[in-house]
Number of protein chains: 2
Amino acid sequence: VSGDLIEALRKALGAEAVLDAREDVARFEQDGRQAGGRALAVVRPQDAEGVAATLRLAAQAGVTVTPQGARTGLVAAGLPDDAGGMLVLSLERMNRAPAIDPVNRTAEVEAGVLLSQLNAAAAEHGLHFPIDLGADPSVGGMVAANTGGARFLRFGDVRRNVLGLEVVAADGAGPMRLGGALWKNNAGLDLKQLFIGASGATGVVTGATLALQPLPASSVTALAALSDPMAALDLLTVLEARFGALLTAFEGMSRNALGHAFGHVARLQNPFADIPPYAVLIELSSGPVLSTEALEEALGEALAGLMEQDGSPVLDVAADRGQRLWAIRHAVPEGLRAAGQVIACDIAVRRGDVMRLRAEAAADVANRWPELEVCDFGHIGDGGLHFNMVWPKAAGPAPAGLAEAVRGHVFARTVEDFDGSFSAEHGVGPRNIESYRRHTPPTVRRLAGSMQALLAPVALGRVDFG
Amino acid sequence: VSGDLIEALRKALGAEAVLDAREDVARFEQDGRQAGGRALAVVRPQDAEGVAATLRLAAQAGVTVTPQGARTGLVAAGLPDDAGGMLVLSLERMNRAPAIDPVNRTAEVEAGVLLSQLNAAAAEHGLHFPIDLGADPSVGGMVAANTGGARFLRFGDVRRNVLGLEVVAADGAGPMRLGGALWKNNAGLDLKQLFIGASGATGVVTGATLALQPLPASSVTALAALSDPMAALDLLTVLEARFGALLTAFEGMSRNALGHAFGHVARLQNPFADIPPYAVLIELSSGPVLSTEALEEALGEALAGLMEQDGSPVLDVAADRGQRLWAIRHAVPEGLRAAGQVIACDIAVRRGDVMRLRAEAAADVANRWPELEVCDFGHIGDGGLHFNMVWPKAAGPAPAGLAEAVRGHVFARTVEDFDGSFSAEHGVGPRNIESYRRHTPPTVRRLAGSMQALLAPVALGRVDFG
């Protein structure tokens, strides 16, 4: 059967669109974090019609398809399983130059276009797509994962910045256009929402119309060293009230996260004499109405005012106009990997609870797994926390099943005690499906499963939401 | 049957929750714009369990229920039909004081709470719900209609500001919680989206957790008189690039709209010597980092720079720190009603097309219906346009069917020639269901109908999306 399918795909899409030699297929079997699986073959259509043909032929052959972007995801949603029977549908050749509409502030983009390509095209018009990520994902992958990122506080997730989608159904029907290039459209059920953050399991996103924002003309960052992590929330409230929409990032880093970044990433410089108990990276950005100097002065004044108060938790402040402080924040994952085996939990709670959650969960982890070092960091301005832990190299190999047990425990505390989320921004994939089953109410799962069955009458992708 | 149902509802919810005397029911049969229908009875539960009981009993009796908010909607989605057999489910008694979480910047609100009540509670913490409307709707109604408003440009619609919903299904199942109080939650299909902008036809929204924003500390407005409406788009692009997120409104008004506002609303003052061919209301807002004086100076400088250019389309500028210029914008509907019979089209296109659409549609209308005066205005910063027309009092009574013919024609041009929307922000209700059927592709309608059938196994509300 699979030989016939591959033959049929070659005939429909051209030989160059279908890869089945082991050496050609290997690169489609791994993403940034996962061990990966094994693909039957890889199909790389050049347009939505090719996607539709692929899905039709696979459905006829009874072969399950996994849509795949740039393999930068962290939950394995775009990878084939280990059984070797899944067809990978790579969107990477759907990457024609984005069409930028500068007056509408939108980009019409094919699914395989990379975020960096989109932003390069937008920058020619003084615009950008404001989802700020360390990786360079494809647009289709960003939609399927509903990525968040470091400027969520100001711009939200992908969902809040998608105006329209082009989607092919799992059985090959379509392409169907949902939405369009309109900022404002209130003419019925907003069906495109069911393809955003759906891990590619409700249909294949082949294109998107995305909302763009003016590139900031001025921008400053400050790193505030805090004596007490709990003080971060007061700082957030004060800065938001003062700066409103000019506050574009508010990122937290624990002492352990800072320690490993400075300890293992040689290019970094610690701006402080010591490693503080906690640090917050603050970014202000503006259009040309405020110069960099003006922003610098305003932020410096606000932070100096806080430092001068009696018993102020603000120990010290470092300021920067460039990427020096961001480099520290971005180096944390690298520092943690250098220190040992990382166990990662991408969680979210109410903003007011985020520091209490980290304290309670850290005490809990220390109690149960004393060898683990909690090295949390993350987007605390929006209640998101990368509650990551390191099993230090010195402790030898981690026990089998440790990561699952620890993650299960942290997720349960987050959801059950804090009404929080076990997936703040990474989405659901094979990596999180057990947590999804455990922490999603049965009535919601039933409804989600029925939706998925309706949208994808043929099984698609790696996630069963039912 | 209906007598038994009313008896059963009284028994389940208490006598005071059920109204069936003609004089008690009348006020639930009309909204802001519609002639309205006739209700079998009105049920006013005080909690979600009461809503569930109402829906269960009505389903058993085979009676269709229409959920209703504060009756400020413009598409009749919350009104009973003329047959007299529908039960109105008013959420007005579900209006306990909102619970504001100032650190999370969220409000937990029951469906019957009014926007004004929500904002009064939020203001005690320096916050507001940034959906700015002329009317005072209920929160449940705002969710069901997915309202937009005058600050859409900066904050988007209700959809972009809802974090979680509590929903009761049409058959009385639930209440079900979707989402929660999290800014960031990417843990599965986002099912709450199917209840937003759904006109109450997919389930009854009984509560919501809403994202709040800091109240601006400073704010200025300017009214720019333009010699050429087309110049509004350049002005928009220039101001966005300069002010970024500080630009919180950009509203357009045609000469005819201005003329009727000044001509019929005595309290207004025209700040210009004449009535200009077009005018744009610009608002900048900021946190305390920028004073009102600083905003005023920055906006004045930007507009003066534009006026000084050779052949500048900016004829004159009036500035204000208060509500004087907003009062002109808000008085336009009143001015139009005073001038004659209003035919209203709430449309949206790409921002770059909005001035061309108005010019072409106006020429078209003048050609076909020379008596009609086009008096358009609206949220042109987000591509929305209230393309409203007046049949002048002097022309006598309007011909029968005129409004339907004119609206049908304008909608067709908008959708077919401009890929636009026949409902930018008012939603779909009996008032524009024919346009929905005409302008929604059959595949999308089929999918929407299947969704609705899945969510509401018993018919609910006034709209069939299939």
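This is a short walk through the contacts between chain A and chain B of a predicted model, followed by a few residues inside the chains.

Okay, housekeeping. Because the model is predicted, local features need pLDDT of at least 70 and side-chain atom pairs count only at pLDDT 80 or more, while totals for chains, interfaces and linings use all residues. Residues are numbered from 1 along each chain as its sequence is written, chains are lettered from A and ligands numbered from 1 in the order in which they are written, and side-chain values use heavy atoms, with hydrogens and water left out.

Let's start with how the two copies relate. A turn of 180 degrees and a shift of 0.0 Å along the axis lay chain B on chain A with an RMSD of 0.0 Å; the superposition is least squares on the C-alpha atoms of residues with pLDDT of at least 70 in both copies. That is the relation of a two-fold axis. Both copies use the same surface, with 100% of the contact residues of chain B recurring in chain A.

So what does the interface look like? On each side, 75 residues of chain B are in contact with 75 of chain A, contact being heavy atoms within 4.5 Å. The two chains bury about 6,600 Å² between them, 62% of it on carbon and sulfur atoms. Buried area here is the accessible area (1.4 Å probe) that two parts lose on being put together, summed over both. In chain B, the residues that lose the most area to chain A are B:Lys184, B:Asn186 and B:Leu189, together 14% of what that side buries.

Now the polar side of things. There are 10 salt bridges between chain B and chain A, where a salt bridge is a side-chain nitrogen of Lys or Arg within 4 Å of a carboxyl oxygen of Asp or Glu. One of them joins B:Arg105 to A:Glu240 at 2.6 Å, N to O.

Which element of chain B gives the largest share of the side that touches chain A? That's helix 14 of chain B, with eight residues. Helices are DSSP runs of H or I, at least four residues, strands are E runs of at least two, and both are numbered from the N terminus.

Moving inside chain A: A:Asp132 and A:Arg151 form a salt bridge, with the closest N and O atoms 3.0 Å apart. A:Asp132 sits in the loop between strand 7 and helix 5 and A:Arg151 in the loop between helix 5 and helix 6, so the pair ties together parts that are 19 residues apart in sequence. Is A:Arg151 buried or exposed? Buried, at 17% relative accessible area, whereas A:Asp132 is partly exposed at 24%. The cut-offs are under 20% for buried, over 50% for exposed and partly exposed in between (1.4 Å probe, protein chains only).

There's also a salt-bridge network linking A:Asp353, A:Arg356, A:Glu360, A:Asp364, A:Arg368, A:Arg413 and A:Asp417. Within it, A:Arg368 and A:Asp364 come to 3.7 Å between their closest N and O atoms. They are four residues apart in helix 11 of chain A, so about one helical turn separates them. A:Asp364 is buried, at 14%.

Last stop, A:Phe195, in the loop between strand 9 and strand 10 of chain A. A:Phe195 is buried at 4%, and its contacts beyond four places in sequence include A:Val143, A:Leu165, A:Leu178 and A:Leu455.
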